[in-house]
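Walk through this structure with me, starting at the ligand and then moving out to the aromatic rings. Keep the 3D view open as you read.

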Amino acid sequence: MMIPLSIPCLQGNEKKYLNECLDSGWVSSAGPWVNRFEKEFASYLGVSDAVSLTSGTAALHLALLLSDVKPGDEVLVPTLTFIAPVNTIRYIGAHPVFMDCDDYLNLDTQKVAEFLEKECIPGTDGKPINRKSGRRVSAIIPVHIFGHPCDLRSLREISDQHGIRMIEDATESLGSSVGSNGNDLVRTGTVGHFGCFSFNGNKIITTGGGGMLVGQNLDTLKKARYLSTQAKDDEIFFEHGEVGYNYRLTSIQAALGIAQLEQIDGFVKRKRLFHKLYRELFSDSSWAHIIGEPPGTYSNCWLTTLEFKGDRRVNLRKFVEVLQLRGIQTRPVWKLNHQQRPFLDYQGYRLDNAERLYPRLLSLPSSSHLTEKEIEEVAIQVKSLYEETATH
Ligand SMILES: *Cc1c(COP(=O)(O)O)cnc(C)c1O
């Protein structure tokens, strides 16, 4: 028996809708299932349109293409994140500039502002030019790490002030919100010019694989839909106006997505409960800190992550392996992107906090279907392994 990190929870109408989908004959990337999923997803977010895609990575790629990011431009992106957003910057021939994280693991807003003000000068089109590289900075990709929302209001203000586009990587944060100017909450993914979501197997809802793009300009979203269908202009003669992509979600996936979306509130509730429980269970450990929800935000708590504080270095690879043998699946955070082989030559800006935190982080089992008893078991095992390794 393994207590898994984050696996799908398929206890709702998944089978029913899949069967109905097969019976309907609509299995490919058009038709009522896809339309319904897009509509229900948009309505959940409180936006007027959403474009379903093959993956979150495809959503990020299209968002960059539609943000007027040109080959040779620079895009600000966290060094501490899954590599997908960084790869998409290279798909279009732009260059990443790696940014540091704050203590919630999210983009450090202060440093972003500082970089744009001190390291850049305004170009002829008003967009910042990086003094070091001479390149134009045209976009920023905040990632809501492990579901905790970034400081979206400030980031959007900074972006607008400098005339750059903001593309939210909300792939981990479906169900999370931030405070708006009033007291009401707005969902992550809806504050930037674009928001990108993923329905990969380990995300809070899954379609097996899939993604969604939302955005603040409806014409641009139409364009995204067009580009995702090979930029087809004419249905009969297959005329294509541009180089397009095959990025459409299938109906089978959409049917799964509809069933999953019905359950999102329950999933968020469970994950938030586990997060709270972990905080309580580790509150008596001087060496452990649970990365919490940033103030003024509501997090889906997709993955709860522990930070090993103090001077002692934990051998994370070994720690994960031993926990695995004891039936508990955990994971260190991703290797920092500025240290990944394809990105060694790109600029990073004052990455000290990410470098400090990176060897100290461990994500704990957070699957929605876990029981409170299993969470307690995780805490007991993590604590006792830490104590054991301390005496060696
Ligand atoms: C999962 C994830 C993605 C990519 O989503 P896919 O659907 O797997 O392409 C992008 N960014 C982050 C931060 C992710 O966690």
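Two helices each supply at least two residues of the shell around the ligand: helix 3 (56-65) and helix 4 (84-91). This is a predicted model. In total, 15 residues surround the ligand. The closest are Thr 57, Asp 169, Glu 172, Ser 198 and Lys 203. Sorted by class, the shell holds 8 polar, 4 nonpolar and 3 charged residues.

Now look at the polar contacts. The side chain of Thr 57 places an N or O atom 2.5 Å from an oxygen atom of the ligand. The side chain of Glu 172 also has an N or O atom 2.5 Å from a ligand oxygen. Asp 169 faces a nitrogen atom of the ligand instead, and the distance to an N or O atom of its side chain is 2.7 Å. How much of the ligand's accessible area does the protein cover? On its own, the ligand has 380 Å² of accessible area, and the protein covers 92% of it.

Stay with helix 4 for a moment. Ala 84 is found in this helix. Is Ala 84 buried or exposed? Its relative accessible area is 10%, so Ala 84 is buried, the cut-off being under 20%. Leu 60 is 24 residues from Ala 84 along the chain, and the C-alpha atoms of the two are 8.3 Å apart.

Next come the aromatic rings. A pair of aromatic rings is described by two values, the distance of the centres and the angle of the planes. The count here comes to 16 aromatic pairs. Take Phe 146 and Trp 302, a tilted pair with 6.4 Å from centre to centre and 35° between the planes. Why tilted? An angle of 35° is neither under 30 degrees, which would count as stacked, nor over 60, which would count as edge-to-face, so the pair falls into the remaining class. This pair links distant parts of the chain, 156 residues apart. Phe 146 lies in the loop between strand 6 (137-140) and helix 6 (152-162). Trp 302 lies in the loop between strand 15 (297-298) and strand 16 (304-308). Phe 146 has a relative accessible area of 2%, so it counts as buried. Trp 302 is buried as well, at 2% relative accessibility.

Compare that with Phe 308 and Tyr 386. Their pair is stacked, with 10° between the planes and 5.8 Å between the centres. This pair, too, links distant parts of the chain: Phe 308 is in strand 16, Tyr 386 is in helix 12 (residues 372-391), and 78 residues separate them. Both Phe 308 and Tyr 386 are buried. They also belong to one aromatic cluster, together with Phe 282, Trp 287 and Phe 319.

Go back to the loop between strand 15 and strand 16. Ser 299 has its place there. With a relative accessible area of 0%, Ser 299 is buried. A polar atom of the Ser 299 side chain lies 2.9 Å from the backbone nitrogen of Cys 301.

Finally, look at two arginines over rings. The charged end of Arg 272 sits over the ring of Tyr 298, 3.9 Å from the ring centre. The charged end of Arg 36 sits over the ring of Tyr 17, and here the distance to the centre is 5.1 Å.

Definitions and conventions: Residues are numbered from 1 along each chain as its sequence is written. This is a predicted model: local features need pLDDT of at least 70, side-chain atom pairs count only at pLDDT 80 or more; totals for chains, interfaces and linings use all residues. Side-chain values use heavy atoms; hydrogens and water are left out. A residue is near a molecule or strand if one of its heavy atoms lies within 4 Å of it. A polar contact is a pair of N or O atoms within 3.5 Å; within protein, one must be able to donate a hydrogen and the other to accept it, and residues adjacent in sequence count only if both atoms are side-chain atoms. Accessible areas come from the Shrake-Rupley method with a 1.4 Å probe; for residues, only the protein chains shown count as cover. Helices (H or I, at least four residues) and strands (E, at least two) are DSSP runs, numbered from the N terminus. Ala, Val, Leu, Ile, Met, Phe, Trp, Tyr, Cys and Pro count as nonpolar, Asp, Glu, Lys and Arg as charged, and the others, Gly among them, as polar. Rings of Phe, Tyr and Trp (its six-membered ring) pair if their centres lie within 6.5 Å; planes under 30 degrees apart count as stacked, over 60 as edge-to-face and the rest as tilted. Buried means under 20% relative accessible area, exposed over 50%, partly exposed in between (1.4 Å probe, protein chains only). A charge sits over a ring if NZ of Lys or CZ of Arg is within 6 Å of the ring centre and within 35 degrees of the ring normal.
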